[in-house]
Amino acid sequence: GKVEPLRIMISGAPASGKGTQCQLITQKYGLVHVAAGDLLRAEIASGSENGRCAREYMEQGKLVPDEIVVMMVKDRLLQPDSQEKGWLLDGYPRSSSQAIALKELGFKPDLFILLEVTEDILVERVVGRRLDPITGKIYHLKYSPPETQEIASRLTQRFDDTEEKVKLRLHTHHQNVKAVLSMYEDITVKINGSLAKEDVFAEIDSALSRLVEKRKSTSESL
Ligand code: AP5
């Protein structure tokens, strides 16, 4: 029989390494990366009314209202590529209402990855983070420096990547994380995200490989 595509959620505090790991996961597993924060930043860049509204919340490190976020994520998950290749949902759900909305729409994850990172490391990661606007690649001045001078000269910083703003984002994260976790307890895998990015990926990779193997043996026995 046909092997079902994977449906994965990845969660963790701001700057815990979700986006970095998603780039490594999609390279190997070919899933469609659906990042709530990226969808919101694209909406802001488009100049829409929803984008303008979203930015006000993001600047305060608060959750953007469900009316905006749920619809955006749903539309992306319903695209043919996500349906065919499977999806890797990053930064969603961040509240029980978002988790419930997803469930009611019929989207059910196979695995919930939680990246655990200590707070002092998070602040250092946020402040040193830079983005390449051309390739979308995530860098860090100390931990993942740009490969060439040309890339270095075009790197940008996110408007919410200051020490002050990350404290607000962390506060929001702590308020919501328990409620979200409790809804996925049976499929959660906790990963030590404080290690080097290759070591974090090795742990994620082994969890995903086990899942793929299980899938294959089930589809063979059908
Ligand atoms: P979002 O864009 O999702 O931001 P976030 O959750 O704060 O997470 P980040 O993107 O900051 O970090 P990351 O975990 O991806 O880390 P990264 O890999 O870049 O959300 C932004 C805002 O949008 C929210 O505050 C909210 O307002 C709104 N929003 C988003 N989703 C929402 C939702 N569902 N509902 C409502 N509102 C929503 O890594 C960070 C840095 O560390 C990089 O420089 C990287 O190079 C480095 N690094 C990564 N891994 C390692 C490692 N292992 N060792 C050393 N350095 C590392």
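I count Ala, Val, Leu, Ile, Met, Phe, Trp, Tyr, Cys and Pro as nonpolar, Asp, Glu, Lys and Arg as charged, and the others, Gly among them, as polar. With that split, the shell around the ligand has 15 nonpolar, 12 polar and 7 charged residues. I keep in mind that this is a predicted model.

**Entry: the ligand**

I looked up what surrounds the ligand. The shell holds 34 residues. Pro-14, Gly-17, Gly-19, Gly-37 and Arg-129 are the closest. I then asked which elements supply at least two residues each to this shell. The helices I noted are H1 (18-29), H2, H3 (49-59), H7 (119-128) and H10. Strand S6 (138-140) does so too.

**Entry: helix H1**

I went to H1 next. H1 has 12 residues. From first C-alpha to last, H1 reaches 16 Å, close to the 16 Å expected at 1.5 Å a residue. Which residues of H1 are buried? I found Lys-18, Gly-19, Thr-20, Gln-21, Cys-22 and Ile-25. Gly-19 is also one of the closest residues to the ligand. The cover over the buried residues of H1 includes strands S1 (7-12), S2, S3 (87-90), S4 and S6, and helix H10. Just after H1, I saw that Gly-30 takes a positive phi of about 65 degrees.

**Entry: two backbone oddities**

Most residues other than glycine have a negative phi, and most peptide bonds are trans. I looked for exceptions. Ala-15 has a positive phi of about 70 degrees although it is not a glycine. Ala-15 lies in the loop between S1 and H1. Ala-15 counts as buried because 25 C-beta neighbours lie inside 10 Å. The other exception is a peptide bond. From Tyr-92 to Pro-93 the bond is cis, with omega near -5 degrees. I placed Pro-93 in the loop between S3 and H6.

**Entry: Ser-95**

I stayed in that loop. Ser-95 is found between S3 and H6 as well. Is Ser-95 buried or partly exposed? Ser-95 is partly exposed, because 18 other C-beta atoms lie within 10 Å, and a buried residue needs 20 or more. Leaving out residues up to four places away in sequence, Ser-95 touches Leu-63, Asn-176, Ala-179 and Val-180. I also checked Asp-66. Ser-95 and Asp-66 are 29 residues apart along the chain, and their C-alpha atoms are separated by 9.4 Å.

**Entry: helix H4**

H4 covers residues 66-77. H4 has 12 residues and reaches 16 Å between its end C-alpha atoms, close to the 16 Å expected. I listed its buried residues: Val-69, Val-70, Val-73 and Arg-76. They cover an arc of only 135 degrees around the axis, so they sit on the same side of H4. Which exposed residues does the face turned away from that side carry? I noted Glu-67, Met-71 and Asp-75 there. Strand S2 (32-35) and helices H2 (36-46), H5 (80-85) and H6 (96-104) are among what covers the buried residues of H4.

**Entry: the nonpolar core**

In soluble globular proteins, nonpolar side chains tend to be buried together. I looked for the largest nonpolar core here and found 35 residues in it. Ile-8, Leu-88, Leu-89, Ile-113 and Ile-204 have the most contacts inside this core. Helix H10 (residues 197-220) gives the most to this core, with 4 residues. I followed Ile-204. Sequence neighbours up to four places away aside, Ile-204 touches Gln-21, Ile-25, Ile-113 and Ile-191. Gln-21 and Ile-25 are among the buried residues of H1.

**Entry: Phe-201**

Phe-201 is in helix H10. Phe-201 is buried, with 21 other C-beta atoms within 10 Å. What does Phe-201 touch, not counting residues up to four places away in sequence? I got Gln-21 and Leu-24. Phe-201 and Leu-24 are 177 residues apart along the chain, yet their C-alpha atoms are separated by 7.2 Å.

**Entry: Pro-109**

My last stop was the loop between H6 and strand S4 (111-116), where Pro-109 is found. Pro-109 counts as buried because 20 C-beta neighbours lie inside 10 Å, and the cut-off is 20 or more. Beyond four places in sequence, Pro-109 touches Arg-7, Ile-8, Met-9 and Ile-187. Ile-8 is one of the core residues with the most contacts. Leu-89 is another on that list. Pro-109 and Leu-89 are 20 residues apart in sequence and 9.0 Å apart in space, C-alpha to C-alpha.

Notes
Residues are numbered from 1 along each chain as its sequence is written. This is a predicted model: local features need pLDDT of at least 70, side-chain atom pairs count only at pLDDT 80 or more; totals for chains, interfaces and linings use all residues. The expected span of a helix is 1.5 Å times one less than its number of residues. A residue is buried if 20 or more other C-beta atoms lie within 10 Å of its own, exposed if 12 or fewer, and partly exposed in between; C-beta atoms are placed from the backbone. The arc is that of the directions from the helix axis to the C-beta atoms. Two residues are in contact if their C-beta atoms, placed from the backbone, lie within 7 Å. A nonpolar core is a set of buried Ala, Val, Leu, Ile, Met, Phe, Trp, Tyr and Cys residues joined through C-beta atoms within 7 Å. A residue is near a molecule or strand if its C-beta atom, placed from the backbone, lies within 6 Å of it.
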